[in-house]
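Thanks for making the time this morning. I would like to walk you through one structure, going slowly from a single residue out to the sheet and then on to a helix.

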Amino acid sequence: MQNKKFGRLTVLEAAPKLRPDGHKRWLCRCYCDGKVIIVDQQNLKNGHTKSCGCLRKDTSKTVNYKHGKTGTPEFITWVTMRQRCGNRNNPAYSAYGGRGIAIDPRWDSFEQFLADMGPRPRLDYSLERLDNDGPYSPSNCVWASDTVQTNNTRRNRFLTFGGKKQTLQQWSRETG
């Protein structure tokens, strides 16, 4: 069996001691970094052991890798949106999901949410629904600054003057 390859392992020589049940063991070198391990012969032959453990690590990196965006502002926004609308235990649920604010089913996928919305333009931007009573959807959401966000809440009082409707803050800013 010397020099035979099994997955990432190359058999070097018989191990000094047999297993207690008499089965052979082999010293094998893994190609990843040259690590030498002792492997039961039957585990080599049946394919149970294919590496020093590096194969499992490498495989889990690709299997568990989704989008690489966990922890980004966009991902946190997406999670928060879903919690507000879908989790009855979320403190903000009554103002969102509890009053019927829904999420477009295409946004069940973070990747699709990010494709539709794109990256957040600046740090002071957050997800804004254009129609405050409408759903979270590509046609109803934009990235908006904090200033724009504060002018689009149900708590605001609007003043109309000369046919123009704005919040007191907007009128103040406009008129000085």
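**From one strand residue to the sheet and a helix**

Let me begin with alanine 14, which lies in strand β2, the strand that covers residues 9-14, and let me say at once that what you see is a predicted model. Is this alanine 14 buried, exposed or something in between? Its relative accessibility comes out at 36%, and because buried means under 20% and exposed means over 50%, alanine 14 counts as partly exposed. If we set aside the neighbours within four places in sequence, alanine 14 is in contact with Arg25, Trp26 and Leu27. Glutamine 41 is 27 residues away from alanine 14 in sequence, while the C-alpha to C-alpha separation in space is 9.4 Å.

Now to the sheet itself, which is open and is formed by four strands in the order β1-β2-β3-β4, with antiparallel pairing. The edges are taken by β1 (5-6) and β4 (36-40), and since each has a single partner strand, one side of each is left without a neighbour in the sheet. Between β1 and β2, which run antiparallel, there are two bridges, and on the β2 side it is leucine 9 that serves as the bridge partner of phenylalanine 6.

Finally, the helix: asparagine 43 sits in α1, which spans residues 41-45. With a relative accessibility of 18%, and the cut-off for buried being under 20%, asparagine 43 counts as buried. Not counting residues up to four places away in sequence, asparagine 43 touches His48 and Thr49.

Terms used:
Residues numbered from 1 in each chain as written. Predicted model: local features only at pLDDT ≥ 70, side-chain atom pairs only at ≥ 80, totals over all residues. Heavy atoms only, no water. Buried < 20%, exposed > 50% of the residue type's maximum accessible area, 1.4 Å probe, protein only. Contact = heavy atoms within 4.5 Å. Pairing = 2+ DSSP bridges.
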